[in-house]
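Please work through the exercises below with the sequence and the structure open beside you. Try each task before you read its solution.

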Amino acid sequence: MLGAVVSFSAMAVAGRALSSDLDTFEMMMYRSAIGFCVVVSVAVATRRIHEISSRHLGRQFLRNLAHFSGQNLWFYSLPLLPLAQVFALEFTTPLWVILLAPIFLGEGLTKIKLLAVFCGFLGILIVAQPGSGPLSLGMFTAASSAICFAFTAIFTKRLTKSESVTCILFYLTAIQLGLGVVCAGFDGDIAIPNLANLPWVVVIALGGLGAHFCITTALSLAPASVVMPVDFIRLPAIAIIGALFYNEALSWSVFIGAILIFGANYVNILADSRRT
């Protein structure tokens, strides 16, 4: 999980560094191209290439359309908001999963889950502070990315019942590479990273794959109730990075709201752990 914390934080810094030269579609295109080469190379080297099947292409496409949309919105938010605020709003993804799971996965809504959602969205209000000023585009895109990531999680859960991690990662990079090429080339102008930007592109690509690998491995080694609290380290870590390198103020409202969001998620995880 510490590896995931480092990977996500590195992606945020790299995304902000590239925002002045590459648009979000171009970032996703280059990230997916590098990721595709890595996934195929590892699959061949480990003799897992046979695990890639075409059984659920429709579901794979919907999953990656949701993830592609969410990741673009997340990258778009990075230069518009303090990094800690982006991460705090991203932490609402599990709360959206709670609300969407009864519709798409047939899971029930319990009192604990409803309480978690209420507390989590109270945390969102503290982070966003509506009424203190106009709702910024960055807040809207960061919050919207969390909804897209929730749909990604739901489709991923359905796919893991029949598909391997290798298969899911293959389509993750392949489909999003295609989407990236279409969207980045829609205006007939695709920017080429210069030598100064190339390392940041590599950081985004490897950071994305590394984060997913680390989280999957962590959840295979320990219960979610043990793993997920470590993910919360991302918030103070990125807040310190923002303060040191971008002169971003450390806002208590962001931390208080994020604690509420985290607490809501954690209570739900504990309740699920006790039921199982």
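The exercises that follow go from the whole chain to single residues.

This is a predicted model, in which local features need pLDDT of at least 70 and side-chain atom pairs count only at pLDDT 80 or more, while totals for chains, interfaces and linings use all residues. Residues are numbered from 1 along each chain as its sequence is written, and side-chain values use heavy atoms, with hydrogens and water left out.

**Exercise 1. The whole chain**

Task: Find how many helices and strands the protein chain has, and judge its radius of gyration against the globule rule.

Solution: Begin with the definition, by which helices (H or I, at least four residues) and strands (E, at least two) are DSSP runs numbered from the N terminus. Counting in this way gives 12 helices and zero strands in the protein chain. The radius of gyration, taken over C-alpha atoms, is 18 Å, close to the 19 Å of the globule rule (2.2 Å times the number of residues to the power 0.38) for 276 residues, so the chain is as compact as a globular protein of that length. As a further step, look along the principal axes, where the C-alpha trace spans about 45 × 45 × 30 Å. Finally, turn to contacts, which are heavy atoms within 4.5 Å: of those in the protein chain with a separation of 6 or more, 89% are between residues 24 or more positions apart.

**Exercise 2. Helix α12**

Task: Compare the reach of helix α12 with its expected span, and list its buried residues.

Solution: Helix α12 covers residues 252–275, which is 24 residues. The expected span of a helix is 1.5 Å times one less than its number of residues, and for α12 this comes to 34 Å, close to the 35 Å from its first C-alpha to its last. For the second part, use the cut-offs for relative accessible area: buried is under 20%, exposed is over 50%, and partly exposed is in between (1.4 Å probe, protein chains only). The buried residues of α12 are then Ser253, Val254, Phe255, Gly257, Ala258, Ile261, Ala264, Asn265, Asn268, Ile269 and Ala271. For the protein chain as a whole, buried residues make up 45% of the 276 residues.

**Exercise 3. Cysteines**

Task: Explain why cysteine 37 has no disulfide bond to the closest cysteine sulfur.

Solution: A disulfide is a pair of cysteine sulfur atoms within 2.5 Å. The sulfur closest to that of cysteine 37 belongs to cysteine 167, and because the two are 18 Å apart, they are too far for a bond. By this rule the count of disulfides comes to zero. As for exposure, cysteine 37 is partly exposed at 48% relative accessible area, and cysteine 119 is also partly exposed, at 23%.

**Exercise 4. Positive phi angles**

Task: Locate arginine 47 and asparagine 247, and decide whether each is buried or exposed.

Solution: Most residues other than glycine have a negative phi. Arginine 47, however, has a positive phi near 60°, and this residue is found in the loop between α2 (24–45) and α3 (57–77), where its relative accessible area of 71% makes it exposed. Asparagine 247 has a positive phi of about 55° and is found in the loop between α11 (234–246) and α12, and with 70% relative accessibility it too counts as exposed.

**Exercise 5. Salt bridges**

Task: Which residues are linked in a network of salt bridges, and how exposed is each of them?

Solution: A salt bridge is a side-chain nitrogen of Lys or Arg within 4 Å of a carboxyl oxygen of Asp or Glu, and the structure holds five of them. One of these joins arginine 234 and glutamate 90 at 3.2 Å, N to O. This pair links distant parts of the chain, with arginine 234 in helix α11 and glutamate 90 in helix α4 (residues 83–90), 144 residues apart. Next, aspartate 231 forms a salt bridge with arginine 234, their closest N and O atoms being 2.9 Å apart. Glu90, Asp231 and Arg234 are therefore linked in a network of salt bridges. Each of the three is buried: arginine 234 has a relative accessible area of 3%, glutamate 90 of 11% and aspartate 231 of 7%.
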